[in-house]
Amino acid sequence: MRYLQTKQIAVTTVRKDKHPFFEDHNWANVETIVASDTGQSGVYFLASQAEDYDKKINISVIKPSQSPGNDFFAHQISTIYGLPSPDAKLIRIDKATASQHIDRLTSSTNQRTVAGARKFYNALITAPTNHLFEMKFINGDAIDTIDNDNTKVALFKEKTFLKALGYTLPFDALICNGDRFNKLNFYDSSNLGNMILQKNGEFIAIDNGINALGEIEDYQDVPMTFYQKILSEITEAVYAGNRDVIDTIAIETAKSIASECPKLRLDAEQTRRIGDGIIAGIHKLITLDEEKIQESYAGIPEDSGKTEEALNLVLDNLRIVHSYKETSPNT
Ligand SMILES: Nc1ncnc2c1ncn2[C@@H]1O[C@H](COP(=O)(O)OP(=O)(O)O)[C@@H](O)[C@H]1O
Ligand SMILES: [Mg+2]
């Protein structure tokens, strides 16, 4: 009986090519394409009605990258972990059809679309795989752009927002994402552009990449153990009930945010909410199943640019958290 049950579960988790996550975009319907004006490599906003883009409705966001499979893997992990991030899918594209439709837009009457289509066309034809990472559009503002709006600054300082922000930190350590918070960063500075305050006041984490993979060769002076050290520190503190260690990290995080945006400076109680988020994140990682991570990796197409290195990094990091389960006298 037990055996049968297990077998049934295994069958339902197999992802077939027909899975909606892999369905190609309807390129024939794209009327407007705009390149983002922020970010390193950027994203493309696609809409089928020109006015939708201005109204910020029915927009798809496409992020071409070297390894869309790994981007989708990071997204799947964010879902398992419960980090608020844009709904996303990995689309399998027919490059010939897609590029033909995008090429058509390079002679659009809208200059913004001409520019966006040209850039996207190049990204498309040079993409290393036949996959793209596609997201829902988030209607909001990166937190480094809200400092002249008192209402938004107040929403940023809400405890649910700050807790979600703190919750992001163990996740970043888990996936080796150095592109958000000061102390996880190769450059020791924050990238507040990767945290969005939605119009409804909720928090959304974007650009959740397993960044260390691409950058490790350029920054060999920063060992991978950096992420692992932070994970060990905070996990040990949570097991030991040592709030000071967590608060110190929360204070540093708050300080680095304020050093970039002085109006986002937090008081002691607000800073503590970041710590609450960090603790909640560690508790989540403690019960997070390694098999779930493995299963989600297995469901991603082989030819999408996913790498076992990414899987192993994440599993190694998760095992650091889980290793405390065995060694802690409190459990
Ligand atoms: N899902 C989304 N909805 C709305 N805007 C987005 C979305 N994803 C990205 N952006 C915008 O595009 C910019 C670049 O995207 P990001 O994923 O951060 O790429 P990069 O790796 O280039 O930094 C972001 O700073 C944000 O302004
Ligand atoms: Mg970014």
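## Three-stranded sheet and two positive-phi residues

Strand 6 and strand 7 (residues 195-198) pair in the antiparallel sense, with three bridges between them. The model is a predicted one. Within this pairing, Asp 141 stands opposite Leu 197 of strand 7.

Both strands belong to an open sheet of three strands, ordered 6-7-8 and paired antiparallel. Its edge strands are strand 6 (140-142) and strand 8 (203-205), each of which pairs on one side only. On average, neighbouring strands of the sheet are turned by 30° against each other, direction ignored. In general, the strands of a sheet pair through backbone hydrogen bonds, either parallel or antiparallel.

Two loop residues next to these strands in the description concern the backbone. Most residues other than glycine have a negative phi. Cys 176 has a positive phi, near 55°, and is not a glycine. Asp 207, also not a glycine, has a positive phi of about 60°.

| Residue | Phi | Loop | C-beta neighbours |
|---|---|---|---|
| Cys 176 | near 55° | between helix 7 (159-175) and strand 7 | 25 within 10 Å |
| Asp 207 | about 60° | between strand 8 and helix 8 (212-215) | 22 inside 10 Å |

Cys 176 is found in the loop that runs between helix 7 and strand 7. Asp 207 lies in the loop between strand 8 and helix 8. The cut-off for a buried residue is 20 or more other C-beta atoms within 10 Å. Cys 176 is buried because 25 other C-beta atoms lie within 10 Å. Asp 207 counts as buried because it has 22 C-beta neighbours inside 10 Å.

Definitions and conventions:
Residues numbered from 1 in each chain as written. Chains lettered and ligands numbered in written order. Predicted model: local features only at pLDDT ≥ 70, side-chain atom pairs only at ≥ 80, totals over all residues. Pairing = 2+ DSSP bridges. Helix = DSSP H or I, 4+ residues; strand = E, 2+ residues; numbered from the N terminus. Axes fitted to C-alpha atoms, helices over the stretch in contact; angles between N-to-C directions. Buried ≥ 20, exposed ≤ 12 C-beta atoms within 10 Å, placed from the backbone.
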